[in-house]
Amino acid sequence: MPTYNRADLAFERGEGARLWTSDGRRFLDFGAGIATTSLGHGHPHLVKTIAEQAAKVMHVSNLYRVPQAEELAARHVAASFADSVFFCNSGAEANEGMVKAVRKYHAENGNPERFHMICFEGAFHGRTLAMLSATGNEKYLAGFGPPVQGFEHVPWDNMNAVRAAINERTAGIMIEPIQGEGGVRPASLRFLKELRAVCDEYGLLLALDEVQTGMGRSGKLWAHQWAGIEPDVMSSAKGIGGGFPLGAILAKEKVAKHLKPGTHGTTYGGNPLACAAGLAVMDVVMAPGFLDQVDRVARHLWKGLVGLAAKHPAVVEEVRGAGLLVGIKLKPEFNNGDMQAAAVAEGLLTVAAGMNVLRLAPPLIITEAEADEAVALLDRTIARMTGASAQAAAQ
Ligand SMILES: *Cc1c(COP(=O)(O)O)cnc(C)c1O
C-alpha cells in the first residue's frame, strides 16, 4: 500500500554502523532503523543467538511456558523499577497494553470512571486506533472516524496545565521522557519529578512511553533514571530487540496483579525467538562499562554537534535530546527533509522528526571516530544544502 514515502535506497548488507546498498554505495547509519538497531548491523552475538534459537524453536504461543521470556523478564525486573513484564511485538501494542493496565488498575480499585489519560501536545504513541488518540495529532487522526475516548492533551513541560487537567476521571499521565517523533524534545528533569509528585498526590499512575528513549539510548538503561524517578508502568520496543520485533510493558506489582489470565494477550508476543534476541541485546547493554561508553561517546558527539551549530548559526537553531537521541533543530529558512536528503548524498543516514528537527539515533555501539565522522559529514551536508539554496535564490 502507498503508506510510505520511501527513499530510493535498498540495503543489502550491514556491519556495525555501516550499511551498503546493492549497488555498492556505503553509508554511515545514524538512523538505526528509527532508533531500533541498538547493537548496529550484524552484531555477532545477536546474529548467533537468533540463528541458534531459530534452529531450536521459534514459536510455541503463550499456551506454554517460554523459558527465554521468563529469563528476559527476570533480567528486566532486576535492572529496573518493575516487578513484572508483558512481552508483545511493537511500540503501539506495548502502549495499548500500558493504557489497558492503567484503566484496569482503577477499575479493580472501584473507580471504573477513572479511565482518562493526560497526554501531551507533540506526543507520538503509535498508529493503532487508541494510540492515534493518545498521539492526538489531527493529521494522523483524519479520516479514521471518531477518536477513542479518554485522551486529553496539555502543553509540553507545563505543570500548571497538567494540574488544571486533572479531574475525577483522570487515571494517569502518559509521557515520553523525550518526545522522539515530535521533535526530539526532552522534558525537563524537574518536570518529570513534578509529574511523579502530582501522580502520588492524586492517586494517578505515571505511564512512561520509553519505546524510543529506552534500552540505553539516553546513556542510562531508561531515560527516566536521569530524573531519579520511577514510573508505575512503562512501555518499551524499538531498541529492546536490536532490530528483531519485540515490545514490552514493565509494571509495578500493584498494576500488574490486575491483569489476570484472559485480560490481555498476544499470539506472537514474547515467543522464544524474539526473547532470545532480547536476551542478546540485554547481554550487550548490561555488560559492565557498556552504558558508560554510550554516555562517553554521546558526550563526544554532542561536543562536535555544538561546534557544528556554532559554525552554522544561520542554519542550526539548537541541538537537543539526550545521549544518542539527538535533534538538530533547523532555522525556519531550512527544511529538515532537505537536510536529510543532502545527508544521504554525503553518505549519512538520519531521520527527520517533527518541529523541523533532523534526528540522529545511531547504534549504541558507535565509536568516537564514527561520531567525528558523522559531524564532518553533517558539516558537508550543511554546505551542500546552503549551496543549493543559495543557487536557488540566485535563479
Ligand atoms: C516508535 C514509537 C512508537 C510506536 O512504535 P511501533 O513499534 O511503530 O508501533 C510509540 N511510541 C514512541 C515514543 C515511539 O517512538
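## The ligand and its contacts

A backbone N or O atom of F124 lies 3.3 Å from a nitrogen atom of the ligand. This description concerns a predicted model. Two side chains also reach the ligand with polar atoms: one such atom of Q212 lies 2.7 Å from a ligand oxygen, and one of K238 lies 2.6 Å from an oxygen atom of the ligand. On its own the ligand would expose 380 Å², and the protein buries 80% of that area.

The residues around the ligand are S90, G91, A92, N95, F124, H125, G126, E176, D209, V211, Q212 and K238. By type, three of the shell residues are nonpolar, six are polar and three are charged. Helix α4, residues 91-108, supplies the largest share of this shell, with three residues.

## Strand β11 and its neighbours

Strand β11 covers residues 233-236. What pairs with β11 in the parallel sense? Strand β10, residues 205-209, does so through three bridges. Strand β12, residues 247-251, pairs with β11 in the antiparallel sense, over four bridges.

M234 of β11 has a partner in each of these strands: L208 stands opposite M234, and so does L250 in β12. In a regular strand, side chains alternate between the two faces of the sheet. In β11, V233 and S235 lie on one side, while M234 and S236 lie on the other. Are these four residues buried or exposed? They are all buried, and both faces of the strand are covered.

## The loop between β10 and β11

T213 sits in the loop that lies between β10 and β11. With a relative accessible area of 1%, T213 is buried. A314 is 101 residues away from T213 along the chain, and the C-alpha atoms of the two are separated by 29 Å.

## Helices α10 and α11

Helix α10 is made of 14 residues, 272-285. From the first C-alpha to the last it reaches 20 Å, close to the 20 Å expected at 1.5 Å a residue. At the N-terminal end, N271 acts as a cap: one of its side-chain oxygens lies 3.1 Å from the backbone nitrogen of L273. Why is α10 described as largely enclosed by the rest of the structure? The reason is that 13 of its 14 residues are buried.

Helix α11 has 22 residues, 290-311. At 1.5 Å a residue it should span 32 Å, and its end C-alpha atoms are 32 Å apart, so the two values agree. The buried residues of α11 include F290, L291, V294, D295, V297 and A298. Further along the helix, L301, L305, L308 and A309 are buried as well. As a general rule, an α-helix has 3.6 residues a turn, so residues three or four places apart point the same way.

## Two residues with positive phi

D157 is not a glycine, yet its phi is positive, near 60°. D157 belongs to the loop between β6 (151-154) and α7 (159-165). Its relative accessibility is 33%, so D157 counts as partly exposed.

V184 also has a positive phi without being glycine, with a value near 50°. Where does V184 lie? It is in the loop between β8 (178-179) and β9 (185-186). Its relative accessibility is 0%, so V184 counts as buried.

Notes: Residues are numbered from 1 along each chain as its sequence is written. This is a predicted model: local features need pLDDT of at least 70, side-chain atom pairs count only at pLDDT 80 or more; totals for chains, interfaces and linings use all residues. Side-chain values use heavy atoms; hydrogens and water are left out. A residue is near a molecule or strand if one of its heavy atoms lies within 4 Å of it. A polar contact is a pair of N or O atoms within 3.5 Å; within protein, one must be able to donate a hydrogen and the other to accept it, and residues adjacent in sequence count only if both atoms are side-chain atoms. Accessible areas come from the Shrake-Rupley method with a 1.4 Å probe; for residues, only the protein chains shown count as cover. Ala, Val, Leu, Ile, Met, Phe, Trp, Tyr, Cys and Pro count as nonpolar, Asp, Glu, Lys and Arg as charged, and the others, Gly among them, as polar. Buried means under 20% relative accessible area, exposed over 50%, partly exposed in between (1.4 Å probe, protein chains only). Two strands pair if DSSP finds at least two bridges between them. The expected span of a helix is 1.5 Å times one less than its number of residues.
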